[in-house]
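Colleague: Please take one enclosed space in this model and look at it closely for me, starting with how many such spaces there are and what lines them, and then working outwards to the chain around it.

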Amino acid sequence: MRLRSLLMTLGLVALAATPAAAQYSFLGALGNRFSDLSFFGNVGGLSSAAQYVRADWMTHFGLEVLFTVGTVTEPVGPPQQPADSVRLVWREMRVEKTEEGVDTIYMYDIEPTRATQPTRDIWTFEVGLGYGQLSGFEARDESIELRGVMRDLPSLSLYASYEGLGTYFGLRSGLMELTGLDVTDAEGTSWRGSGQSFMAGVLLGQAWEIAGFNLFLEGAWTLRDFPSVQWSGSGVPLGAPREMNLSGWSVGTGVQFGVGG
């Protein structure tokens, strides 16, 4: 229960950028569906559409809380017959006065028991609420120095997992923000920058269960386009990007722990 409370707190913090009524309603609907906690790390490169920034390797790391929202199952073997053909279901309690005193009478209904059908999961559908940080990009113009990171605030992922193979695919979106962004010219003068936008991506992965937790390997393509970057002050260098396209591919791995109860 303490772990569930901690994860709920993390979810509330991650959703601080969204309207309060929507975030509480969303978390309230998922509150009893916590299934896993995932830690991940990715490396990747920029697409050819990046005009103002470049990167030899970009790194992306973070965590994600997963909620199970549905399953597709199939029957396994014949139905299992219960040991007893009927069961007693409590209905009410009565207190009656008798010549000997007060007597308590418990009333039960007799119901037939039904056979249960064992099943196994074929597909599992999950929602992931994540927080991550991307770094490793710099300005193409070598006369200036560009520093900063991109953060997910948060990301929302939809996963479909085929349990027989451990293969999954998904869609990802969410709000992203440039944090600690600044550009410095050759004279050492700095300007602060900021930008917000939405991401969209697709991913494909494979998971293996080992000693009670899952290891996974994942490949993804993500659109991360900031159409407008705002710079403070005047006299911003010509090489400072007015827009930043951090779209590109990535491959990564991570570990996933079950936390549902």
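**The cavity and its surroundings**

Modeller: The structure holds one cavity of 30 Å³ or more, where a cavity is a set of points, on a 1 Å grid over the protein atoms alone, in which a 1.4 Å probe fits but cannot get out. Before going on, please keep in mind that this is a predicted model, in which local features need pLDDT of at least 70 and side-chain atom pairs count only at pLDDT 80 or more, while totals for chains, interfaces and linings use all residues. Residues are numbered from 1 along each chain as its sequence is written, and side-chain values use heavy atoms, with hydrogens and water left out.

The volume of the largest cavity is about 40 Å³, a volume being the space filled by probe spheres set on grid points that are joined across faces, edges and corners. Its lining (residues with an atom within 4 Å of a point) consists of Asn42, Val43, Gly44, Met58, Thr59, His60, Leu134, Arg224, Trp249 and Ser250. Two or more of these lining residues come from each of the elements β1, β3 and β14. Strands here are DSSP runs of E with at least two residues, helices are runs of H or I with at least four, and both are numbered from the N terminus.

Ser250, one of the lining residues, leads us to Thr222, since the C-alpha atoms of these two residues are separated by 8.1 Å although they are 28 residues apart along the chain. Thr222 sits in strand β11, which covers residues 213–226. Its relative accessible area is 7%, and Thr222 therefore counts as buried (under 20%; exposed means over 50%, and partly exposed lies in between, with a 1.4 Å probe and protein chains only). When neighbours within four places in sequence are left aside, Thr222 is in contact with Met199, Ala200, Gly201, Ser247 and Gly248, contact meaning heavy atoms within 4.5 Å.

Arg224, another residue of the cavity lining, leads to Asn245, which touches Arg224 as well as Leu46, Ala49, Ala50, Val53 and Asp225, not counting residues up to four places away in sequence. Asn245 belongs to strand β13 (residues 244–245), and with a relative accessible area of 11% this residue is buried. Asn245 and Val53 are 192 residues apart in sequence, yet the distance from C-alpha to C-alpha is 7.6 Å.

The enclosed space can be set beside an open one, the largest pocket, which holds about 680 Å³ of space; a pocket is an open set of points with protein on both sides within 12 Å along at least five of seven lines. This pocket is lined by 40 residues, and those closest to its centre are Leu66, Glu126, Ser161, Tyr168 and Gln256. The elements that give two or more residues to the pocket lining are β1 (34–46), β3 (58–75), β6 (119–135), β8 (145–162), β9 (167–184), β10 (190–210), β11 and β14 (248–258). Ser161 lies in strand β8 and counts as buried because its relative accessibility is 14%. Beyond four places in sequence, the contacts of Ser161 are Ile122, Trp123, Thr124, Glu126, Thr167 and Tyr168.

Two backbone details lie along these strands and loops. Strand β8 also contains Pro154, and the peptide bond leading from Leu153 to Pro154 is cis, with omega near -15 degrees. In the loop between β10 and β11 we find Ala211, whose phi is near 55 degrees, a positive value in a residue other than glycine. With a relative accessible area of 73%, Ala211 is exposed.

Finally, we can place all this in the whole chain, which has two helices and 14 strands. Buried residues make up 38% of its 261 residues, and of the contacts with a separation of 6 or more, 69% are between residues 24 or more positions apart. The mean pLDDT (the predictor's confidence in each residue, from 0 to 100) is 84, and 86% of the residues reach 70 or more. Residues 1–24 should be read with care: pLDDT stays under 50 there, and the model has 29 contacts beyond four places in sequence for this stretch.
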